[in-house]
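Please look at the structure shown below. The paragraphs after it explain how some of its parts are put together.

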Amino acid sequence: MILEKIEKNFKPKKEQLDLLNNLAPFLDEEKCCKIIDELVNLKLDYQTICAFLLDQAVEKTELDEHKIKTAFDEETLELFQNLQIIKSLHTQTRTEEAENLRKMLVAMSKDLRVLIIRLYCLLYELKSYSLPLTAEQKNLTVEVRDIFAPLAERLGLNVIKSEMEDECLKLLEPSVYNSLLNNVNLKRDENQKQIEITKSKLENILKELGIKGQIMARQKHFSSVYKKMQSKHLPLAKIYDLIALRVIVDNIEDCYAILGKIHAIYRPMPGRVKDYIANPKANGYQSLHTTVIAENNRPLEIQIRTLEMHKNSEYGVAAHWMYKEKRTKKSSLDSRLSWIREIMEMGKDMSSKDFIQTLKTNLYGGVIFVQTPKGKVLEFPEGATIIDFAYAIHTEVGNTCVGGKINNKIRPLDTKLSNGDIVEILTSASSKGPSRDWLNIVKTADARQKIKLYFKQELKEENIKKGKTILEEAIKDKGFTTEKLFQDKFLDEVFYKYSVANLDELYAAVGYGSLPSKVVVSKLIQEYEKTITKNKEDVEVHQITLQRNKDGILVDGSSGLLIRFAGCCSPVQGDGIVGYISRGKGVTIHRDNCPNLKYLEKERLIQATWDENSEKPFVATIKILAEDCPNLISLVIKELETFKVKSMDSHTKGTTSNATIKIEVKKKEELTALIKKLKQIKGVVDVFR
């Protein structure tokens, strides 16, 4: 059957038929025949059909790469390879999701046919599911609902999109689907009678005007009904376009003539006349819509469009193949995909979160059209503001804008634009530039990126200083020093991985917020540990009994080892402790819950315990976080009177104060009691070691 369909519609080469014949046992004949029929109906070419069959075969058997390359041309092979990419959209994390979405858009932007094949394969798969769904089936159904169906709609592929959404509703919310099905079926006879009456009147209008055309009826898809009920909080009885009649004619003038005649016969509902011919939707959809009160006193929607508009409505960008005999590499199709290329271009410097948000804004968001005073029409997502408009004109206009005029009335920068607005931007040479608050106001990714770029470039020196402080603090918190981690060989790896040229750029990226400090420090520590592993020395630990050290420590090891206390956790007598044999520095004593132990070599850790008879004092470090209030310092110092204070460092930021204090104690109990007293001081938020 599969080969018969190919031979009927195309002229395949013998070697291709032979190869496909060998692959036939590995193909699902019913599935392949149905999808081939759909692709042929769209007038898609032979290369598309072959790529689809190769994609299906590779799921069940290993393909002979040499035979495939010999039998098929480069175009078919590239389609096949891109199909493999687009099928990889299965994610667990936000970063993985963003990366896979990028891959999918790259494959789409190269050739839309890969997406059309993938959409039909997914639709067929959904139709093969039965309840209850497995976890894997549910995940795929959710992906189709959240990504692929909106993508089909954005590209105008309504013939696929509507079926996909209905299948997703049936599988994910079966009770809702069945309820809608039952309610619509109850009104089927009444609706059919009204369709026949109105269709007869529309035929008379066509005869009276001398216009050739066809009239067809359609029922609104259940998923569309449910979305409208949810978004507008309406009961089913208030959904007026459950059924609709379509009038399809040859030219635009006929569309408007028919609309006038319809309104002469039926009373139109206020606010329900929509001209998508003059103002097309973002995906290129064009049609006239009117909702009238029919003979049964119920609303009835009538759509009027040309044949070309109808093809675009049902098949969107796929209509490119349906009414053009020859497909060229560059055509009007490219303009229909321009939004994908714009997202890809902007997405190069976006975080995973921003990239996903931008894509979903393009997929889900409505679109408005506004004008410049000179009449240039610009497209924006719903909710776009004067700031978005300013940056769409030019980056410098955005950076220096101070206000705007909407329809000749001055409005503040955060004013949202509406369809048909005429917008003029007010700028000032003395403007201090954009505010960081604008990032919470703008709707378009383009404006957001340009604002971020301004702060990245204009405030580079400030970002370098800020980033240096942040990075050094992060390194210190991990128990390391910049001297240890900022070695050229470690930094070179960081520069390469995060695409920065030098240390200043690294500081700037951290200060700007585009590169988290913990990510950088983690990479530096990783490189440092690689060096330790590479230069690892054998350490022999003698199995002897615990021996006392002059510092009050009993260590399982050589009694001659030098003992020192780790500055990262400052252990005191009473803490659980562990020893770490350092190269040339004896044994370093850490608290047994020190976070830095995970970075140390386990074979160098040795047992250690306190000598209960020792009276040697220990230096402990405590940190105080407090509100900046009068007498706080004096109250803290009063509690420290009985202790020997080694050092005290404090600083205030806004209304919050931080203090780091090093004191001598003999026992952990002394330190615990002190911390408890300090916490009781009014204004102290927290005290910790």
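**Strands, cores and charged pairs**

Gly579 stands opposite Ile589 in β16. The model you are looking at is a predicted one. The pairing of Gly579 with Ile589 belongs to a longer match: strand β15, residues 577-582, runs antiparallel to β16 and is joined to β16 by 6 bridges. Strand β14, residues 563-565, also pairs with β16, but in the parallel sense and over 3 bridges. In that pairing, Arg564 is the residue opposite Thr588 of β16. So β16 has a parallel partner in β14 and an antiparallel partner in β15, as the DSSP bridges show.

Is β16 itself mostly covered or mostly open? Strand β16 covers residues 586-591, and 6 of its 6 residues are buried, so the strand counts as mostly covered. In a regular strand, side chains point in turn to one face of the sheet and then to the other. Ile589 also appears in a nonpolar core of 28 residues, whose members include Ile606, Ile661 and Ile675.

That core lies apart from the largest nonpolar core, which has 59 residues. Which residues touch the most other members of the largest core? They are Leu39, Phe52, Leu53, Phe72 and Met164. Helix α8, residues 113-128, is the element that gives the most to this core, with 11 residues. Leu53 shows what such packing looks like from one residue: beyond its neighbours up to four places away in sequence, Leu53 touches Ile2, Ile6, Leu20, Leu27, Cys32 and Ile36.

Phe52 and Leu53 are both among the buried residues of helix α4. This helix runs over residues 46-58, and 12 of its 13 residues are buried. The buried set starts with Tyr46, Gln47, Thr48 and Ile49, and also includes Asp55, Gln56 and Ala57. What do these buried residues pack against? Their partners are α1 (2-9), α2 (14-23), α3 (29-41), α5 (65-71), α6 (74-86) and α8. The length of α4 can be checked too: at 1.5 Å a residue its 13 residues should span 18 Å, and because the end C-alpha atoms are 19 Å apart, the two values agree.

Charged residues come next. Side chains of opposite charge can pair when their charged atoms come close. The structure holds 13 salt bridges. One of them joins Lys34 to Glu30, with the closest N and O atoms 3.4 Å apart. Both residues sit in helix α3, and because they are 4 residues apart, about one helical turn separates them. Lys34 is partly exposed, as its relative accessible area is 44%.

A second salt bridge connects Arg113 with Asp45, and here the closest N and O atoms are 2.7 Å apart. Arg113 is in helix α8, while Asp45 is in the loop between α3 and α4, so this pair ties together parts that are 68 residues apart in sequence. Both Arg113 and Asp45 are buried. Arg113 also forms a salt bridge with Glu75, again with 2.7 Å between the closest N and O atoms. This pair links helix α8 to helix α6, where Glu75 lies, across 38 residues of sequence. Why is Arg113 called buried, and Glu75 partly exposed? The relative accessibility of Arg113 is 0%, so Arg113 counts as buried. Glu75 has a relative accessible area of 21%, so Glu75 is partly exposed; the cut-off for buried is under 20%. Through shared partners, the salt bridges join Asp45, Glu75 and Arg113 into one network.

The last stop is a contact between a strand and a helix. Thr427 lies in strand β11, residues 423-427, and Thr400 lies in helix α21, residues 395-400. Setting aside neighbours within four places in sequence, Thr427 is in contact with Val397, Thr400, Cys401 and Val402. Seen from the other side, and with the sequence neighbours again left out, Thr400 is in contact with Leu426, Thr427, Ser428 and Ser431. Thr400 is buried, because its relative accessible area is 17%, whereas Thr427, at 48%, is partly exposed. The C-alpha atoms of Thr427 and Gly404 are 8.4 Å apart, although 23 residues separate the two along the chain.

Note on methods. Residues numbered from 1 in each chain as written. Predicted model: local features only at pLDDT ≥ 70, side-chain atom pairs only at ≥ 80, totals over all residues. Heavy atoms only, no water. Core = buried A, V, L, I, M, F, W, Y, C linked by side-chain atoms within 4.5 Å. Buried < 20%, exposed > 50% of the residue type's maximum accessible area, 1.4 Å probe, protein only. Helix = DSSP H or I, 4+ residues; strand = E, 2+ residues; numbered from the N terminus. Contact = heavy atoms within 4.5 Å. Expected span 1.5 Å × (residues − 1). Pairing = 2+ DSSP bridges. Salt bridge = Lys/Arg side-chain N within 4 Å of Asp/Glu carboxyl O.
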